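Let's take a walk through this model together, beginning with its pocket and then moving out to the fold around it.

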Amino acid sequence: MKLTKGEKIYLINEYDNKWTVKTENGKLTVCVDVLKELCKTETELREYILANDLF
């Protein structure tokens, strides 16, 4: 799944117990794991990313 926030594009992969959120900026790649305990659904994860200043 892809999610755009501002000028950043996030690639999101779903696993059994977590989401992996990844973005690239030039030569730098940032990857953040979000546990499904925090965001159980794709909709919850989308809202979390859009509301959180970490992303």
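## The pocket and its lining

In this predicted model, three strands each contribute at least two residues to the lining of the largest pocket: S2 (8-14), S3 (18-25) and S4 (28-35). Which strand gives the most to that lining? It is S3, with five residues.

The volume of this largest pocket is about 220 Å³. Its lining holds 14 residues, and those closest to the pocket centre are Lys 8, Tyr 10, Thr 23, Glu 24 and Val 30. If you are thinking about chemical character, the lining divides into eight nonpolar, two polar and four charged residues.

## The sheet behind it

The strands of the pocket lining belong to a wider arrangement. Four strands form an open sheet in the order S1-S2-S3-S4, and the pairing is antiparallel. Strand S1 (2-5) and S4 are the edge strands, each pairing on one side only. On average, neighbouring strands of the sheet are turned by 25° against each other, with direction ignored.

As a reminder, strands of a sheet pair through backbone hydrogen bonds, in either a parallel or an antiparallel way.

## Two pairings in detail

At one edge, S1 and S2 run antiparallel and are joined by four bridges. Here you can find Lys 2 standing opposite Leu 11 of S2.

At the other edge, S3 and S4 pair over eight bridges, again in the antiparallel sense. Glu 24, which is among the residues closest to the centre of the largest pocket, stands opposite Thr 29 in S4. The hairpin of S3 and S4 has two residues between the strands, and Gly 26 takes a positive phi near 65° in this hairpin. That is a handy spot to check if you plot the backbone torsions.

## The helix and the overall fold

How many helices and strands does the protein chain have? There are one helix and four strands, and along the sequence they follow the pattern β-β-β-β-α. Helix H1 (residues 42-51) lies across S1, S2, S3 and S4, and runs at about 25° to S1.

For the overall dimensions, the C-alpha trace of the protein chain spans about 30 × 20 × 20 Å along its principal axes. Why does the radius of gyration agree with a compact globule? A compact globule with 55 residues would have a radius of gyration near 10 Å, and the protein chain has 11 Å, so the two agree.

Key:
Residues are numbered from 1 along each chain as its sequence is written. This is a predicted model: local features need pLDDT of at least 70, side-chain atom pairs count only at pLDDT 80 or more; totals for chains, interfaces and linings use all residues. Side-chain values use heavy atoms; hydrogens and water are left out. On a 1 Å grid over the protein atoms alone, a cavity is a set of points where a 1.4 Å probe fits but cannot get out, and a pocket is an open set with protein on both sides within 12 Å along at least five of seven lines; lining residues have an atom within 4 Å of a point. Grid points are joined across faces, edges and corners, and a volume is the space filled by probe spheres set on the points. Ala, Val, Leu, Ile, Met, Phe, Trp, Tyr, Cys and Pro count as nonpolar, Asp, Glu, Lys and Arg as charged, and the others, Gly among them, as polar. Two strands pair if DSSP finds at least two bridges between them. Axes are lines fitted to C-alpha atoms, for helices over the stretch in contact, and angles run from 0 to 180 degrees between N-to-C directions. Contact means heavy atoms within 4.5 Å. The radius of gyration is taken over C-alpha atoms; the globule rule is 2.2 Å times the number of residues to the power 0.38.
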